[in-house]
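User: I am new to this structure and would like to learn how to read its pockets, its ligand surroundings and its backbone. Could you take me through these features in turn?

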Amino acid sequence: MSSDARAVDSAERASAPQPLSGRRVCLGVTGSISAYKSVEAARRLEDAGAIVDVAMTPSAARFIPPLTYRSLVKGEVAADLWDPAAPAEQHVAMGRRADAMLVAPASATTIAKLAQGIGDNPVTLTALASSAPLVVAPAMDAVMFAQPSVQANLELLKARGAFIAGPAIGRLASGGQGLGRLLEPIELAAAVRSAIGRSVGDLRSRHIIVTAGGTREPIDPVRFVGNHSSGKMGVAVAEAARDQGAAVTLITTQPPPQGRYGIVVREVQTALEMQAEIQQAARGAHALVMAAAVADYRPAEAAESKLKKQDADQDGMTLELIENPDVVASIDAPKLLKVGFAAETDDLIANAQSKIAKKGLAFIVANDVSQSDAGFQVDTNRVVILDADGGIERLPLLHKYDVGAAILDRLRRLPSWA
Ligand code: C5P
């Protein structure tokens, strides 16, 4: 392989995390105009490394021809129980080999059949033949969704361990706005990742708090002291923890990320707000991954109304800054394992190392933010993990998701994790 080809190959590897690698997902499609979104969901699942089989009800096949899925997915498509060309007992094989089954869109009728154990079409039969986690994504008119019968059926499924994904509030095919819209494909794929994590992931029954983004310290109602952190690293850690089955609280200064199914998001602005949210979430949590870029200083006073040019004196304006607490060091939770990040531009190792003891960290993840393919804003990162005993682990250029997975792996290997 030429060095150019290797460079492209390594960049591709770094940019394509495969959280569902080696997993088989059965997508059950029922009759709803929103079935078109399941086509995109199938693609997203396969992009994440899964092989997708598709089971369709007869009415689903009226909305989307089975050929669409046959052309798209690596797995099989079961659309007709009586098709002489289909493998015998196809639904049994599909149900057995599934690591998760996602019924999206799930109509009221299919929800009722799933709750009652009726198997009369490829979707309901495959669900009966499967012991994999079941994700049900309802899609219907808001009045239909609110029916006590539909709600009772969903409750029954939930009580038996099914994951109910959505619906969302929004524009409905039946007209108007309401609660009944199928979740977007990115959320459907996230729900599958969450369900598989909760059933077999290494972080089941653990609670992990992750912080993300740069804090915004107000100067006045429209201006703030901030930094370039995009929050991508923290979101990637939160996703990786969710995919491994942890309960995840993401405390972020950024808008809630897409694909956040299974992640509890708390929005904050300032270092002090972040500190209060972490302290509240910390009870019973196992780890805190502090990927946020916390401002070391904040304006001594935030003006109540917008500062005007004439407020400045002749030599310009002087802003008085006071020190923020060191948030990660200040969190009071004896059993909480803390992981810090160190974004440095020089003397990476020495600067990062000095922070481990000072901040009470289990280890620190250092990255050189002066590089263009690592650090702030980009999807990739090249980090060094330093521990309290002087251990140094250099990771290659990786997608931030894979950096997140490596950090979690490291946490699980700590003697104090057991
Ligand atoms: O800014 P510094 O390099 O010291 O940040 C190292 C780690 O400490 C990061 O994990 C950051 O989130 C955290 N930090 C903090 N409170 C601060 C400053 C940084 O928790 N005031």
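User: Where does the ligand sit?

Analyst: The general idea is that rolling a probe the size of a water molecule over the atoms shows where empty space is left. A pocket here is an open set of points on a 1 Å grid over the protein atoms alone, where a 1.4 Å probe fits, with protein on both sides within 12 Å along at least five of seven lines. In this structure the ligand sits in the largest pocket, where sitting requires that more than half of its atoms lie within 2 Å of the grid points. This is a predicted model, in which local features need pLDDT of at least 70 and side-chain atom pairs count only at pLDDT 80 or more, while totals for chains, interfaces and linings use all residues. Residues are numbered from 1 along each chain as its sequence is written, and side-chain values use heavy atoms, with hydrogens and water left out.

User: Which residues surround the ligand, and which elements give two or more residues to that shell?

Analyst: A residue counts as near the ligand if one of its heavy atoms lies within 4 Å of it. Those surrounding the ligand include Met-290, Asp-296, Val-327, Phe-341, Lys-355 and Lys-359. Two or more shell residues come from each of α13 (327-330), β17 (337-344) and α14 (348-359), where helices (H or I, at least four residues) and strands (E, at least two) are DSSP runs numbered from the N terminus. By kind, the shell holds 7 nonpolar, 1 polar and 4 charged residues; Ala, Val, Leu, Ile, Met, Phe, Trp, Tyr, Cys and Pro count as nonpolar, Asp, Glu, Lys and Arg as charged, and the others, Gly among them, as polar.

User: What polar contacts does the ligand have with Val-327, Phe-341 and Lys-355?

Analyst: A polar contact is a pair of N or O atoms within 3.5 Å. A polar backbone atom of Val-327 is 2.9 Å from a nitrogen atom of the ligand, and a backbone N or O atom of Phe-341 is 2.8 Å from a ligand oxygen atom. With Lys-355 a polar side-chain atom takes part, lying 2.4 Å from an oxygen atom of the ligand. Taken alone the ligand exposes 430 Å², of which the protein buries 88%, with accessible areas from the Shrake-Rupley method and a 1.4 Å probe.

User: How many residues line the largest pocket, and what is its volume?

Analyst: The volume is about 800 Å³, meaning the space filled by probe spheres set on grid points joined across faces, edges and corners. Its lining has 41 residues, with Ala-292, Ala-293, Val-294, Phe-341 and Ala-343 nearest the centre; lining residues have an atom within 4 Å of a point. The largest share, 5 residues, comes from β17.

User: What lines the second largest pocket?

Analyst: That pocket has a volume of about 690 Å³, and among its 28 lining residues Ile-186, Val-235, Glu-239, Gln-258 and His-399 lie nearest its centre. Here α11 (232-243) gives the largest share of the lining, 5 residues.

User: Which peptide bonds are cis, and where is phi positive in a residue other than glycine?

Analyst: Most residues other than glycine have a negative phi, and most peptide bonds are trans. The bond from Ala-104 to Pro-105 is cis, with omega near 0°, and Pro-105 belongs to strand β4 (residues 100-106). Another cis bond joins Gly-166 and Pro-167, with omega about 5°; Pro-167 is in the loop between β6 (163-164) and β7 (168-171). Glu-89 has a positive phi, near 50°, and is found in the loop between β3 (77-78) and α5 (90-97).

Technical notes. A polar contact is a pair of N or O atoms within 3.5 Å; within protein, one must be able to donate a hydrogen and the other to accept it, and residues adjacent in sequence count only if both atoms are side-chain atoms.
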